[in-house]
Amino acid sequence: MATAARDALGAADSSDSSVSRSENSAPPDAVEAVAAEWMLEFACSSLCRHFEEQSGAEFWRWRDVAQALINGFSQIPPHQKKTVYLCQLLIRIAQGKSLGLQFENDPRISPLESALSFWTLLEREEIKLEKLHEEIRRLIQIQIVAVYMENRYFKEAAEVLERLFTDSESDKPLRVKLATVIKTKDPYVPLLQSFSYSLLISKIKSYIELFMKENETNFLRQEATKHVVSKGLRATLQNRPVEVNENGKSDLETKQRLMKEKQCITSQSSVSIKKPIARRRSGQKPKESRVLKSLNNLQNVGKNGVPLACSRKKQLWTPKEDLELKSGVRQFGVGNWAKILAHGNFNNRTSVMLKDRWRTLSKTKQS
């Protein structure tokens, strides 16, 4: 998309008169749509960069920009699905330990469970699933359980285990290990320490690097870089020389105050989310502040049937989806719901939904 846009831009630059004619003839809606796609690509790359650098304040700023752009789409362009899914994944991973946040309509679903659904959608967009994909999937699954245990929500940890894993033989070893860990009620066992949250963050960063290499032709970033270089706008607050006024007093104190304020903001909005989480009793719904309500309103991404988990509502299964499910079971076997989901054509479903639907179909057949 960006390459075609640059070619069109280059052709239009042949003369001033041709530019004027092109601008007058181009439909405004089409121009805005292309610009929005450029901006989303730029916002996603900025979100990735600040996630990697753990720069909290900037991460949250670009999160809001990306979310606003995504909400503005009437339908997500097919070639930008991966970009949208990655943005939503990073937002949820960054807030994965905040059990008080709710991204899904189902209050049981934690931020990391929501992240797992977007990771599944990302896997569907991949041409080939690498070892890194499986490692990230397993780490998210383990950390979903670990976060509940860290907050001493052992009942919820046991319940989520049933939602996370299938009855397949490939899932059985990890499922059994985590079930044993939950029974110990010890969040510091070697398994959870070895597959830590920091390791998950590290693997996500590795995936981001691959994503950025695949999307190096970011038109808006390239043009912005050219502008910065041409104007010599390289100075930043960190490397700007200390100025001295005519009275011999430097602005060092002002600079230090600004830096301190920036550090304070960053620490309060850290991507790693190290703030203490207020515990809630089993079955008690967490209180939601006005800020969190506003944040949840921003998550309404899906429109016109776009398959985004954050906007998922309970919907009836269609005969076509049932056929897809049956075909997937024949191909991959009962229990391999993640594979069936990745290769099937389902409308806004998760592997848990596939598992539940198969149980329903099986009971109907038996009766």
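These notebook entries record what I looked up in a predicted model.

**Ground rules.** I number residues from 1 along each chain as its sequence is written, and I use heavy atoms for side-chain values, leaving out hydrogens and water. Since the model is predicted, I take local features only at pLDDT of at least 70 and side-chain atom pairs only at pLDDT 80 or more, whereas totals for chains, interfaces and linings use all residues.

**Entry 1, the largest pocket.** I looked up the largest pocket and found a volume of about 900 Å³. A pocket here is an open set of points on a 1 Å grid over the protein atoms alone, where a 1.4 Å probe fits, with protein on both sides within 12 Å along at least five of seven lines, and lining residues have an atom within 4 Å of a point; the volume is the space filled by probe spheres set on the points, which are joined across faces, edges and corners. Of its 33 lining residues, I noted Asp106, Thr350, Val352, Met353 and Asp356 as the closest to the centre. Helices are DSSP runs (H or I, at least four residues) numbered from the N terminus, and α6 (111-125), α7 (131-150), α8 (154-164) and α17 (351-366) each supply at least two residues of this lining. The largest share, eight residues, comes from α17. I sorted the lining by class (Ala, Val, Leu, Ile, Met, Phe, Trp, Tyr, Cys and Pro nonpolar; Asp, Glu, Lys and Arg charged; the others, Gly among them, polar) and obtained eight nonpolar, nine polar and 16 charged residues.

**Entry 2, Arg163.** I placed Arg163 in helix α8 and found a relative accessible area of 12%, so Arg163 counts as buried (under 20%, against over 50% for exposed and partly exposed in between, with a 1.4 Å probe and protein chains only). Leaving aside residues up to four places away in sequence, Arg163 touches Arg108, Ile109, Glu113, Tyr148 and Val352, where contact means heavy atoms within 4.5 Å.

**Entry 3, α6 against α7.** I read an angle of about 170 degrees for this pair, with the axes 9 Å apart; the axes are lines fitted to C-alpha atoms over the stretch in contact, and angles run from 0 to 180 degrees between N-to-C directions. α6 is therefore roughly antiparallel to α7 (over 145 degrees; under 35 is roughly parallel, 65 to 115 roughly perpendicular and the rest oblique). Their contact has eight nonpolar, four polar and three charged residues.

**Entry 4, Tyr197.** I found Tyr197 in helix α11 (residues 197-214), buried at a relative accessible area of 8%. Among its contacts beyond four places in sequence are Leu112, Gln143 and Val147.
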